[in-house]
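This report covers side-chain pairing and packing in one protein chain. Charged pairs come before aromatic rings and the nonpolar core.

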Amino acid sequence: MKMHTLLVAVAVAAVLGGCQRTSFGGMNTQQQPAPLMPAPVGGVESGQLAPPMMPQPGEFPTAPTAPDQTMAPQVAAANAPELTREALIGRWSAGSGGTTCDVFLSLTKWTGGYRAASRGCVGNAAAIAAWDVQGKQVILADSSGNQIARLYQSANERYDGSTSTGQPISLSR
């Protein structure tokens, strides 16, 4: 019995010996960072805003167009950056006719360029089955290789253009 009591006492002493208090009674030993200086504010411009564009009765309001959609195709082509097919592979969100859907671009050879697939698309976007890069343009085509749309890069991870019927279309991610 004494051996058991001795072992328990040694175990309790070992456990309690490992515990120690590490606080310093509320003393703050960390240095505080220096306050930041406020950023300078540029000049403020004033002027008259254009009146809001109200949709006609029965029309749905549309989002503002991207800058490249309002430019002539020659200007958009001149300002567009060079494209690589590798930068375009993967999933994209396509917007056309007031709806959005998924478009997947791969590097598998296909009629009209490379294989593409759409999910949840309507109208022209539903027929997307192929894609390719021609100069500074992304060309979207149907399964027969007929062109559906031409797009130019308008921002990082965004392409804007129009379908063969003149409807705006965009790809973004």
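## Salt bridge between strands S1 and S2

In this predicted model, Asp102 and Arg91 join their side chains in a salt bridge, with N and O 2.9 Å apart. Asp102 belongs to strand S2 (residues 99–110) and Arg91 to strand S1, so the salt bridge ties together parts that are eleven residues apart in sequence.

The two partners can be described by their accessibility. Asp102 has a relative accessibility of 14% and counts as buried, because the cut-off for buried is under 20%. Arg91, with a relative accessible area of 42%, is partly exposed.

## Other salt bridges

Side chains of opposite charge can pair when their charged atoms come close. Over the whole structure, five salt bridges are found. One of them links Asp132 and Arg85, whose closest N and O atoms are 2.8 Å apart. Asp132 sits in strand S4 (residues 130–134), while Arg85 sits in the loop between helix H3 (73–79) and strand S1 (90–96), so this salt bridge ties together parts that are 47 residues apart in sequence. Asp132 is buried at 15% relative accessibility, whereas Arg85 is partly exposed at 29%.

A further salt bridge is formed by Asp160 and Arg158, with 3.0 Å between the closest N and O atoms. Asp160 is buried, its relative accessible area being 2%. Arg158 is partly exposed, with a value of 29%. Elsewhere, salt bridges with shared partners join Arg91, Asp102 and Arg119 into one network.

## Aromatic pairs and a charge over a ring

A pair of aromatic rings is described by the distance of the centres and the angle of the planes. The count of aromatic pairs here is two. Trp92 and Tyr159 make an edge-to-face pair, with 5.5 Å from centre to centre and 75° between the planes. This pair links distant parts of the chain, since Trp92 is in strand S1 and Tyr159 in strand S7 (residues 158–163), 67 residues apart. Trp92 and Tyr159 are both buried.

Tyr114 and Trp131 make a tilted pair, at 5.8 Å between centres and 45° between planes. Tyr114 is in strand S3 (residues 113–119) and Trp131 in strand S4, and this pair links distant parts of the chain, 17 residues apart. Both Tyr114 and Trp131 are buried. A charged side chain also meets a ring: Arg115 lies over the face of Trp110, 4.3 Å from the ring centre.

## Nonpolar core

In soluble globular proteins, nonpolar side chains tend to be buried together. Which residues touch the most other members of the largest nonpolar core? Among the 22 residues of this core, they are Leu88, Trp131, Leu140, Leu151 and Tyr159. At least two core residues come from each of S1, S2, S3, S4, strand S5 (137–141), strand S6 (147–155) and strand S8 (168–172).

Two of these names have already appeared in aromatic pairs: Tyr159 is the partner of Trp92, and Trp131 is the partner of Tyr114. Leu151 has contacts of its own beyond residues up to four places away in sequence, including Leu140, Tyr159, Ile169 and Leu171. Leu151 also touches Asp160, the buried residue that forms a salt bridge with Arg158. Other residues touched by Leu151 include Lys136, Gln137, Val138, Gly161 and Ser170.

Conventions
Residues are numbered from 1 along each chain as its sequence is written. This is a predicted model: local features need pLDDT of at least 70, side-chain atom pairs count only at pLDDT 80 or more; totals for chains, interfaces and linings use all residues. Side-chain values use heavy atoms; hydrogens and water are left out. A salt bridge is a side-chain nitrogen of Lys or Arg within 4 Å of a carboxyl oxygen of Asp or Glu. Helices (H or I, at least four residues) and strands (E, at least two) are DSSP runs, numbered from the N terminus. Buried means under 20% relative accessible area, exposed over 50%, partly exposed in between (1.4 Å probe, protein chains only). Rings of Phe, Tyr and Trp (its six-membered ring) pair if their centres lie within 6.5 Å; planes under 30 degrees apart count as stacked, over 60 as edge-to-face and the rest as tilted. A charge sits over a ring if NZ of Lys or CZ of Arg is within 6 Å of the ring centre and within 35 degrees of the ring normal. A nonpolar core is a set of buried Ala, Val, Leu, Ile, Met, Phe, Trp, Tyr and Cys residues joined through side-chain atoms within 4.5 Å. Contact means heavy atoms within 4.5 Å.
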